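Let's work through a structure by asking and answering. Keep the sequence and the 3D view open as you read.

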Amino acid sequence: TKSTVHQKIIRVAGKTVPNAEVFVNEIETKANAGGVFSVIYTLEEGENFILVGANDEFGNYQEVEISVFYEG
């Protein structure tokens with residue numbers, strides 16, 4: 001997925017399994033009981049690759065890479 005944005009700070013949010021550990025590049029968070037997570041991410045000028053990964057309690061891991069182009 002590729003998007004172009006004009007703001008430096010974005011919210012990366014999604015849904016996974018309940019209480020999963022979620023990683024958005026170097027930011028670590030945890031999904032709530034409904035599986036929803038959200039982090040604030042600061043972009044660099046130009047193309048930014050954001051890797052979102054989720055780990056459940058059974059050791060299953062899934063990741064998605066998105067590309068966001070920041071034009072200030």
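The questions below deal with a predicted model, first its sheet and then a charged pair.

Student: In what order do the strands of the open sheet lie?
Tutor: Strands of a sheet pair through backbone hydrogen bonds, either parallel or antiparallel. Here 5 strands form an open sheet, and the pairing is mixed. Read across the sheet, the order is 1-7-6-3-4.

Student: Which strands are the edge strands?
Tutor: An edge strand here pairs on one side only. That applies to residues 2-5 and to residues 27-30. The edge strands are therefore strand 1 and strand 4.

Student: Which residue in strand 7 is the bridge partner of phenylalanine 49?
Tutor: Strand 6 covers residues 46-55, and strand 7 covers residues 61-70. The two pair in the antiparallel sense over 10 bridges. In strand 7, phenylalanine 49 has as its bridge partner serine 67.

Student: Which side chain meets lysine 2 in a salt bridge?
Tutor: Side chains of opposite charge can pair when their charged atoms come close. The structure holds 1 salt bridge. Its N to O distance is 3.6 Å. Lysine 2 sits in strand 1, and its partner is 45 residues apart, in strand 6. That partner is glutamate 47.

Student: Is lysine 2 buried or exposed?
Tutor: Its relative accessibility is 56%. Exposed means over 50%, so lysine 2 counts as exposed.

Student: What is the relative accessible area of glutamate 47?
Tutor: Glutamate 47 is partly exposed. That class lies between under 20% and over 50%. For glutamate 47 the value is 39%.

Note on methods:
Residues are numbered from 1 along each chain as its sequence is written. This is a predicted model: local features need pLDDT of at least 70, side-chain atom pairs count only at pLDDT 80 or more; totals for chains, interfaces and linings use all residues. Side-chain values use heavy atoms; hydrogens and water are left out. Helices (H or I, at least four residues) and strands (E, at least two) are DSSP runs, numbered from the N terminus. A salt bridge is a side-chain nitrogen of Lys or Arg within 4 Å of a carboxyl oxygen of Asp or Glu. Buried means under 20% relative accessible area, exposed over 50%, partly exposed in between (1.4 Å probe, protein chains only).
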